[in-house]
Amino acid sequence: MAKNNLSGKIPSSLGYLKDVVLLRLQDNKLSGELPSLENCTKLRVLDLGDNKLSGKIPTWIGPSLTKLLVLRLKSNGFYGSIPLSLCSLPALHVLDFSKNNLSGALPHCLPNITALSSMSPKVEDDSVVGFVQRVWKGILIEFGENLKLLRSIDISSNNLSGDIPESVTSLLKLISLNLSSNNLTRNQISGVLPNNFGQLEMLESHDLSRNQISGSIPPSFSSLHFLGVLDLSYNNLSGRIPVSTQLQSFDASQFTGNLGLCGQPLTPECPGDVTTEDPAVPNGSGSDKTKPDDDGLISFGFYVGLALGFIIGFWSVCGTLVLKTSWRYAYFRFFDDIKVRIM
């Protein structure tokens, strides 16, 4: 029933569909609070994105819908904190609460979602999960069967606050993490980046832009070899950007807005960097100015020596033949003898 311009409240009678596996009501104009779906224990996909729903996210979602693969509530009016009961969704692959009015801190219990953690079991059932739209690396894509391979958390454009919990670095299967804001709503995530972010080696997309994160970028970021999207812009980060093949390949705009941040690709170097220069090697400073003069002296001396050598050599041979008659006769007689022998 997606994309049908439906309006009004979601009927509570949907809660009696005990065998429903997919509930896709996205891209409509549905309003009101989410009715109880506690009895829909077989739900794999709950997609209510891009509606006008409001209220708090129900706490029954966690303990009742333990088979959920996809929970997508983006672009609605949900408010309040993220319920800790969501950590009771062991099979959850996609969590998308972006563009709501959620507040509070990120739950510390996210590693309990075992599909995102190191203890992640493979999805071995053949149940149909349908198609789910996700913004992937800046492009809206429909995921089908490959959705079972995706691991994504998107809580961008809300009113979150507090630190990024260290426990986030235990989501070892995570592929995409977006906690950014936009110009209309602004997350207020602060504190420093966890030192062990480099443990998320499968991460391909990472957006923390437009928050209030401070401190330095942990050196472990250089271990994120699969990163295709990174945005740390407009925070309060400082210090040197860690050196790695991935980090230096991004555009400087992905780091801009952090006044204390330095190093490639944002700046050529950091304040206080000492460059060791070989005085014999021109370095683009004043030493280069002497190069044309050196070349001029070398060229002038070369031509003077060449002229003197020619003059001395020529008159040493030809002058002697001109001034000394006996040597001149002997010289030409020598060549006449050679000519006779050849012929």
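1. In which sense do strand E12 and strand E14 pair, and over how many bridges? In this predicted model, strand E12 (residues 152-154) and strand E14 (residues 176-178) run parallel and are joined by 3 bridges. Within this pairing, Asp154 faces Asn178 of E14.

2. The two strands belong to an open sheet of 8 strands, whose order is E2-E4-E6-E8-E12-E14-E16-E18 and whose pairing is parallel. Its edges are formed by strand E2 (22-24) and strand E18 (229-231), each of which pairs on one side only. On average, neighbouring strands of this sheet are turned by 10 degrees against each other, with direction ignored. When side chains are inspected here, it may be recalled that in a regular strand they alternate between the two faces of the sheet.

3. A further open sheet consists of 3 strands in the order E17-E19-E20, again with parallel pairing. Strand E17 (214-215) and strand E20 (260-262) are its edge strands, and each has a pairing on one side only. E17 is connected to strand E19 (residues 236-240) by 2 bridges in the parallel sense, with Gly215 opposite Leu237 of E19. On the E20 side, E19 and E20 pair through 3 bridges, likewise parallel. In that pairing, Ser238 stands opposite Gly260 of E20.

4. Salt bridges deserve a separate remark. The search of the whole structure returns 4 of them. One pairs the side chains of Asp47 and Arg72, with an N to O distance of 2.9 Å. Asp47 is part of strand E4 (residues 45-47) and Arg72 is part of strand E6 (residues 70-72), so this contact ties together parts that are 25 residues apart in sequence. E4 and E6 are adjacent in the order of the 8-stranded sheet.

5. As to contacts that involve aromatic rings, a search of the whole structure yields 1 aromatic pair. Such a pair of rings is described by the distance of the centres and the angle of the planes. A charge placed over a ring also occurs: Arg210 lies over the face of Tyr234, at 4.5 Å from the ring centre.

6. Two backbone features should be checked by anyone inspecting the loops. As background, most residues other than glycine have a negative phi, and most peptide bonds are trans. The peptide bond between Gln264 and Pro265 is cis, with omega about 5 degrees; Pro265 is located in the loop between E20 and H2. Lys99, a residue other than glycine, has a positive phi, near 60 degrees. Lys99 is placed in the loop that runs between strand E8 (94-96) and strand E9 (101-104).

7. Which residues make the nonpolar surface patch of about 370 Å²? The contributors are Phe302, Tyr303 and Leu306. Of these, Leu306 is found in helix H2, which covers residues 291-323. H2 is also the helix that follows the loop holding Pro265, as that loop lies between E20 and H2.

Terms used. Residues are numbered from 1 along each chain as its sequence is written. This is a predicted model: local features need pLDDT of at least 70, side-chain atom pairs count only at pLDDT 80 or more; totals for chains, interfaces and linings use all residues. Side-chain values use heavy atoms; hydrogens and water are left out. Patches are made of residues with over 30% relative accessible area and no salt bridge: like charges are joined within 9 Å, nonpolar side chains (Val, Leu, Ile, Met, Phe, Trp, Tyr) within 5 Å. Accessible areas come from the Shrake-Rupley method with a 1.4 Å probe; for residues, only the protein chains shown count as cover. Helices (H or I, at least four residues) and strands (E, at least two) are DSSP runs, numbered from the N terminus. Two strands pair if DSSP finds at least two bridges between them. Axes are lines fitted to C-alpha atoms, for helices over the stretch in contact, and angles run from 0 to 180 degrees between N-to-C directions. Rings of Phe, Tyr and Trp (its six-membered ring) pair if their centres lie within 6.5 Å; planes under 30 degrees apart count as stacked, over 60 as edge-to-face and the rest as tilted. A charge sits over a ring if NZ of Lys or CZ of Arg is within 6 Å of the ring centre and within 35 degrees of the ring normal.
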